[in-house]
Amino acid sequence: MRALDLEYMWDLLPVLIGYIPLTLFMALIGMACALVLASFMAVERIFRVPVLDLFVRLFISFFRGTPLLVQLFLFYYGLPQVLSFLTSINGVTATIMGLTLHFSAYMAESIRAAILGVDRSQWEASQAVGMTQFQMMSQIILPQAARVAAPTLVNYFIDMIKGTSLAFTLGVTELMGATQKEAAGSFLYFEAFLVVAAIYWIIVEALAFVQRHLETYLNKAHAR
Amino acid sequence: MTSASAISITGLNKAFGDTTVLKDISLEIAPGERVVVIGPSGTGKSTLLRCLNFLDRPDAGVIRLGDLTVDAKTVSHADILALRRRTSFVFQNYALFANKTARENIMQALITVKGKSKADAYTRAAAILDETGLTKRADAYPAALSGGQQQRVGIGRAMALDADLMLFDEPTSALDPEWVGEVLDLMRRVAEKRQTMLIVTHEMQFAREIADRILFMSDGQIVEQGPPEQLLENPQDKRTKAFLRRVA
């Protein structure tokens, strides 16, 4: 057994920190797109639009039923072979697309459950004052569902942040890819991956801090 | 008084599965008239109200509200929206928007449905909050309000809509006894403005005071109707007599 090379780890830290923005960029864009797509699919699943419903169910089934890594390879290596306009797709874009589609399938189900949990009186009151379905959903039902869904959605976001590390398999030099390169140069694999593990951990803990504030905000209507 | 806000209901029928809840109800309500519906539970009183704004969809029947005619057989999405925008509804369980403050509950439909500016809606809401005695609680969320306060917001939200017909579905039935008085007081004030009202209630004394006419419903039908003194003092049908004996 040898001692940890602490000096190496200390020097590596700022190098890897430089890659945090790219990781957060992929996760944030992915999360934003996934939220929009998932909300749309959740509402669709509730109103069951003919034909569209079949498509949404198939979509959710596929993206929940296959591994994220398989989906990323399909987008990045597979699709460009059949759809020539995708040949210029870069690894970052493919990762964001993959994360969006994959997580939106899970999130759609969480949001749908949260919508169904909103009390019937809220739907009836919205209808009784003459709101359109869109007004009802956007101003009364979804904001209340958000409160219920928030903890689960933050969990998916955490998963998504960690999922960005798979971009490394598409040749993107992000946090994980950079660590791999550094480690390959120094042969200090244990030190390098320990540092990157700590970085992911700290990012997620910081997010948990944000989550507590978000939940306080969303619960403000329910404090007595 | 204009005839524009007269209400006429003809041949209203509603069944839930095999159970017929409303049997061929017909009813005229004059503008400014305050009509109270009484009767045993499970006789379709609430369903009658809920069919009038299509919270429950009637199987048959025609509802005329001024120049708006809605036939249950041929009703469109736009008809339902139009009907809802000319009526207002006070729920037994208040049904306030849980994610909105008292003030926002009143402003909500003024902005989204009536297209008023935020400033206009705010001014109107302030007047209603004052009238309902809720100015001090304007920025509280429903969860922080007492039952009585919540129902006063519920009535305030309905008042803000300036509806041709206000529907009250047992507005005091879910309240602790201590809050019933303040809600009935507010409804009295609404009635004094000669707002057209259709009220389902078990508060007989209140009905006697404010009603121009009382309907007695049983088994999905209007059995008997008339001015309060007549219906309450001198009922004709044996079902009305039996019911009044029970609640007296």
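Colleague: Which residues touch the most other members of the largest nonpolar core?

Modeller: Happy to start there: this is a predicted model, where local features need pLDDT of at least 70, side-chain atom pairs count only at pLDDT 80 or more, and totals for chains, interfaces and linings use all residues. Residues are numbered from 1 along each chain as its sequence is written, with chains lettered from A and ligands numbered from 1 in the order written. A nonpolar core is a set of buried Ala, Val, Leu, Ile, Met, Phe, Trp, Tyr and Cys residues joined through C-beta atoms within 7 Å, buried meaning 20 or more other C-beta atoms within 10 Å of a residue's own, with C-beta atoms placed from the backbone. Of the 116 residues in the largest core, those touching the most other members are A:Met107, A:Ile111, B:Val37, B:Leu167, B:Leu198 and B:Ile214.

Colleague: Which element gives the largest share of this core?

Modeller: Helices are DSSP runs of H or I, at least four residues, and strands are runs of E, at least two, numbered from the N terminus. With 12 residues, the largest share comes from helix H5 (residues 91-116) of chain A.

Colleague: Lovely; which are the edge strands of the open sheet in chain B?

Modeller: Two strands pair if DSSP finds at least two bridges between them. The 6 strands run in the order S6-S7-S8-S3-S9-S10, with mixed pairing. Pairing on one side only marks the edge strands of chain B, S6 (87-90) and S10 (221-226).

Colleague: And what stands opposite B:Ser88?

Modeller: S6(B) and strand S7 (residues 165-169) of chain B pair in the parallel sense over 4 bridges. Opposite B:Ser88, in S7(B), stands B:Met166.

Definitions and conventions. Buried ≥ 20, exposed ≤ 12 C-beta atoms within 10 Å, placed from the backbone.
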